[in-house]
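Please read what follows alongside the displayed model, taking the nucleic acid surfaces, the protein interface, the division into domains and one glycine in turn.

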Protein chains: 2
Amino acid sequence: MNIKHIAHLAGVSVATVSKIINNYPDIGEETRQRVLKIMEETKYRPSSSARTLSTKKSHLIGVVFAGKLNVDFSHPFFVQVINAFKKQIGLLGYDLLFFSNEKFLEEGEDYLARSNYFQVDGCIVISGDEVERSVFDLDASDVPCIGIDIELTGRHSCYIMSDNAKISLKVVEHFYMLGYRDIGYIGPEPASLPMKQRQSGFEAAMQMFGMKLAESHSLYSGGYQEEDGYATMLRMIDEGKPPRALFAATDLLAIGAMRALRERGLRVPEDVAVVGCDDIEACRYTFPPLTTIKQDTERMGKMAAMLLFDLMNKQMDNRCIQVEPELVVRTSCGSEASR
Amino acid sequence: MNIKHIAHLAGVSVATVSKIINNYPDIGEETRQRVLKIMEETKYRPSSSARTLSTKKSHLIGVVFAGKLNVDFSHPFFVQVINAFKKQIGLLGYDLLFFSNEKFLEEGEDYLARSNYFQVDGCIVISGDEVERSVFDLDASDVPCIGIDIELTGRHSCYIMSDNAKISLKVVEHFYMLGYRDIGYIGPEPASLPMKQRQSGFEAAMQMFGMKLAESHSLYSGGYQEEDGYATMLRMIDEGKPPRALFAATDLLAIGAMRALRERGLRVPEDVAVVGCDDIEACRYTFPPLTTIKQDTERMGKMAAMLLFDLMNKQMDNRCIQVEPELVVRTSCGSEASR
DNA sequence: CTGAAAGCGCTTACAG
DNA sequence: CTGAAAGCGCTTACAG
């Protein structure tokens, strides 16, 4: 069943049918109804590829998972962002195309090539550490791109990230208000922009509140995982007195740190208060429940959709949007509010 | 840059270029090399839409999230399965197209119509409860479909699920070996096939081991969430003596139940042993860490890809593949092995 | 081993 | 308000 059949059945030309499909105004109402009825009855659906071939618009958005997270999309943060994005961009009439990175690497293909191949109208780039060159080729091309947690600078790109300095500021401020003056930090070597900002933001916030950061209380964790937090906290304890309060740059690091503290006979939050970052599901079920910072993934995803839509449909400058993070108070910080 | 340019630059016809692109054997080696070189230099990539239009093959797989989970893909189980699926199907040369369900519902479109619109070569259907009619239209069509946790019966369909009866059997057996004879069950009203099988499998296993199931020890939880488990466990405790061991049909139910037990002054596992199901990340961080059943999502996703590939490329009967679940022993069951 | 030409199913100036 | 026709970029019998 194609447009020719419909035209034939309705006794009009394919041009007329096409115009009706695309809501052109200058069609006789009677004709329109007749054709519409036939399309309805025959359950006719135009073909995406023919339309794309002729219009150069696919109504498809390419989804790029860049950097170390390349292999999958299992991190809750990204899943939440993509979810919100999908919802909003769906409302705007687009579907999502996930590039499989596998065949990809194998054949040395790049994102730009694949974007062209599928003629996607735009891309969303979600990023971990150590982003590959190919992402920046995409960024520099005329394919509209929206970055999440990655600094895209192309003329047809924008990017969105949480205000990571603010994350650290909120944590330090919260600790300060609880009366802690001796605050420590555990985070991965800052390979990505967000991690850089969390660390420098932490240092800036400490300074702002007039607190000194003992060198032995600020340690790199290697990775992002529970094991890394555990090992790093152990190192910190063994190097001397641990800080009164600890900010871990990810929840898993915090969870690992709490395990180390418990093993060394230190109580959370009575001896050491702990705050993580991300608000993964596990935070609610740890012992004690973990106070953390929640990134507003809902807003990030939705905003990404709106920005990308504008990028695809109007002239727009490159810009960066920061999204406000939120403190989620549970028990591990020793806050009264959590009782 | 299109095939015509390439043909022109190489001084051959477009037919020849096309044959080279598609690895036809009957092309002169010299010609082949010359054309290949030019394609390389110009970074030429064929257009997907033109190719699809002409071949009716898009090398795209539609991803359908059916039923109550419709709105997103945030459940860890599905994310893991899709991840594994994506990896394998990517290797086979396919990309993934996620249908946005939003515009969808609004316009009363159905999955089959969209599959035709994009000319996807096949679909993977992932399912929650209360699957909509439209999914079964898809199933009945000639679009090859692979179902995850949903019984697809079409001539071009297969489905995969964990052996859910086995899940319950493994739990009951584990409890039995630990010496518990008084075992309870909490699960949602069985709206989906997996939940039905877990429940009936549980009852069958109890019978197999000659244990009686007290009526007050088998309760419906309403939903799947932590809150549901909490409320249901409370009901069970208040109705009389709780069972010595409890199987909760999802981890979140188990976590909620543990909270209820703790609040009522009962210890896990000393007073009541608990086992959940799914192995969500949180299990490792609860207090005590939750023993659970892990579904082999890696294998399910990979197998889904292989089956779908066969479904798309050769004649194949409808069939159902069951995947073996695995017991993950932690502390909440009171097993020696976890010490 | 290579090429001319029809065809895939749409859209869009353009003419009337 | 409607239609004829060219064009989008490929593939594939078919002829040579």
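In this predicted model, the surface near DNA strand C receives at least two residues from each of α2 and α4 of chain A, and likewise from each of α2 and α4 of chain B. Altogether 26 residues surround DNA strand C, and the closest of them are A:Ile3, A:Ser18, B:Ser13, B:Ala15 and B:Gly28. Sorted by class, the residues of this surface near DNA strand C comprise 12 nonpolar, 11 polar and three charged.

Turning to DNA strand D, one finds 26 residues around the strand, of which A:Ser13, A:Ala15, A:Gly28, B:Ile3 and B:Ser18 come nearest. The elements that contribute two or more residues to the surface near DNA strand D are α2 (14-21) and α4 (48-55) of chain A, along with α2 (14-21) and α4 (48-55) of chain B. For DNA strand D, the division of the surface residues by class is 12 nonpolar, 11 polar and three charged.

How are the two protein chains related to each other? A turn of 180° combined with a shift of 0.0 Å along the axis lays chain A on chain B with an RMSD of 0.0 Å, and the two copies are therefore related as by a two-fold rotation axis. The interface can be read in the light of this relation: 98% of the interface residues of chain A are also interface residues in chain B, so the copies meet through the same surface.

That contact takes 41 residues from chain A and 41 residues from chain B. On the side of chain A that touches chain B, at least two residues are supplied by each of α4, α5 (76-91), β2 (95-98), α6 (101-107) and α7 (111-118) of chain A, and the largest share, eight residues, comes from α5(A). The class composition of this side of chain A is 17 nonpolar, 15 polar and nine charged residues. The strands take part in pairing across the chains as well, since β2(A) is joined by three bridges to β2 (residues 95-98) of chain B, the two strands running antiparallel; within this pairing, A:Phe98 has B:Leu96 in β2(B) as its bridge partner.

Within chain A, the assignment distinguishes domain 1 (3-46), domain 2 (60-162 + 298-323) and domain 3 (164-295 + 328-338). The centres of domain 2 and domain 3 of chain A, taken over C-alpha atoms, are separated by 31 Å, and the contact between these domains takes 10 residues from domain 2 of chain A and 10 residues from domain 3 of chain A. The side of domain 2 that touches domain 3 in chain A draws two or more residues from α5 and from β5 (157-162) of chain A, and its residues fall into four nonpolar, two polar and four charged.

A last stop is B:Gly276, which is placed in the loop between β9 (273-275) and β10 (292-294) of chain B. Is this residue buried or exposed? B:Gly276 has 33 other C-beta atoms within 10 Å, and because 20 or more count as buried, B:Gly276 is buried. Leaving aside residues up to four places away in sequence, B:Gly276 touches B:Ala248, B:Thr250, B:Asp251, B:Leu253, B:Ala254, B:Cys283, B:Leu290 and B:Thr292. By contrast, B:Gly93 lies 183 residues apart from B:Gly276 along the chain, and their C-alpha atoms are separated by 37 Å.

Notes: Residues numbered from 1 in each chain as written. Chains lettered and ligands numbered in written order. Predicted model: local features only at pLDDT ≥ 70, side-chain atom pairs only at ≥ 80, totals over all residues. Near = placed C-beta within 6 Å. Helix = DSSP H or I, 4+ residues; strand = E, 2+ residues; numbered from the N terminus. Nonpolar A, V, L, I, M, F, W, Y, C, P; charged D, E, K, R; others polar. Contact = placed C-beta atoms within 7 Å. Pairing = 2+ DSSP bridges. Domains from an automatic or database assignment. Least-squares fit on C-alpha atoms with pLDDT ≥ 70 in both. Buried ≥ 20, exposed ≤ 12 C-beta atoms within 10 Å, placed from the backbone.
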